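Me: Please look closely at one loop in this structure, and then set out what can be said about the elements elsewhere in the chain. A plain account in connected prose will do.

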Amino acid sequence: MELLSIFGLPNDYLITERCAVALRATGTREHKREEKKRTMKYICLGYYDKGKHEAMTEDEQHAMFDTCFEYDDHLRANGHWAGGEALQPAETALTLYWKNGKVATTDGPYAETKEQLGGILVLEARDMNHAVQLIAQHPALKYGSIFEVRPAADLNEMMKQSERRRRKDTAR
């Protein structure tokens, strides 16, 4: 039985040809509607090495962005894109924190690191494994980017409780 990697990585997330055919066959509208109901959001923080990026030729940069945007379009078309934004370079950041009883600021990012946070992508996925499968196919990885994937927190119940407490406080 031949195993296929769905990520192009050796021995990682291997599936059989029969599973691959079954996965491709599940792309019906009905299935996508049902799948959407059972998903949760995952935040993907994309980091890149500014030096590596600046060392690329203009053609290499265009090729990278074109393949990345093409994959983002694929995520949108299949209902997995819930949002995302690129960030301006780290030197444009302003960090806020509490010091001596008031808000203080520092120019630049919170942490000085080789890799910079380049953007966020919000995925709709069934579970963490599914989110990993989706982001592991992102072409930016081949260009040296790193993705950190975290489940989004559902604060709906906490917000409702807070609203009730605040309404009770204003009613006094």
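Reply: N100 lies in the loop between β5 (94–99) and β6 (102–107). The model is a predicted one, and what follows is a reading of that model. The two strands run antiparallel and are joined by six bridges. Within that ladder, L96 of β5 stands opposite T105 in β6. The strands form a hairpin with two residues between them, and in this hairpin N100 takes a positive phi. The value is near 50°, in a residue other than glycine. As background, most residues other than glycine have a negative phi. N100 has a relative accessibility of 72% and therefore counts as exposed, the cut-off for that class being over 50%.

Elsewhere, β4, β7, β3 and β8 make up an open sheet of four strands. Their order is β4-β7-β3-β8, with antiparallel pairing. At the edges are β4 (81–86) and β8 (146–151), each of which pairs on one side only. From one strand to the next the twist averages 20°. The pairing of β3 (residues 40–49) with β8 is antiparallel and extends over six bridges. One position along it can be named: Y47 has I146 of β8 as its bridge partner.

Helix α5 packs on this sheet, where it touches β3, β7 and β8. The direction of α5 makes about 125° with that of β7. The helix covers residues 128–135, and its buried residues are H130, A131, L134 and I135. Seen down the axis of α5, these buried residues fall within an arc of 125°, so they line one face of the helix. At the N-terminal end, α5 is capped by D127, which has a side-chain oxygen 3.1 Å from the backbone nitrogen of N129.

Strand β7, one of those touched by α5, spans residues 115–125 and includes E124. The relative accessible area of E124 is 9%, so this residue is buried. The side chain of E124 is joined to that of T39 by a polar contact of 2.6 Å. T39 is placed in the loop between α2 (29–37) and β3. T39 is buried as well, because its relative accessible area is 18% and the class takes values under 20%. Leaving aside residues up to four places away in sequence, T39 touches E124, A125 and R126. The contact between T39 and E124 therefore links two residues that are each buried, one in a loop and the other in a strand.

A further local feature concerns aromatic side chains. The structure holds one aromatic pair. Its members are F65 and F69, with ring centres 5.9 Å apart and planes at 20°, so the pair is stacked; the cut-off for stacked planes is under 30 degrees. Both residues belong to helix α4 (residues 58–77), and because F65 and F69 are four residues apart in that helix, about one helical turn separates them. F65 has 34% relative accessibility and so counts as partly exposed.

To return to the loop of the request: N100 is exposed at 72% relative accessibility, and its positive phi near 50° occurs in the hairpin of β5 and β6.

Note on methods:
Residues are numbered from 1 along each chain as its sequence is written. This is a predicted model: local features need pLDDT of at least 70, side-chain atom pairs count only at pLDDT 80 or more; totals for chains, interfaces and linings use all residues. Side-chain values use heavy atoms; hydrogens and water are left out. Buried means under 20% relative accessible area, exposed over 50%, partly exposed in between (1.4 Å probe, protein chains only). The arc is that of the directions from the helix axis to the C-beta atoms. A polar contact is a pair of N or O atoms within 3.5 Å; within protein, one must be able to donate a hydrogen and the other to accept it, and residues adjacent in sequence count only if both atoms are side-chain atoms. Two strands pair if DSSP finds at least two bridges between them. Axes are lines fitted to C-alpha atoms, for helices over the stretch in contact, and angles run from 0 to 180 degrees between N-to-C directions. Contact means heavy atoms within 4.5 Å. Rings of Phe, Tyr and Trp (its six-membered ring) pair if their centres lie within 6.5 Å; planes under 30 degrees apart count as stacked, over 60 as edge-to-face and the rest as tilted.
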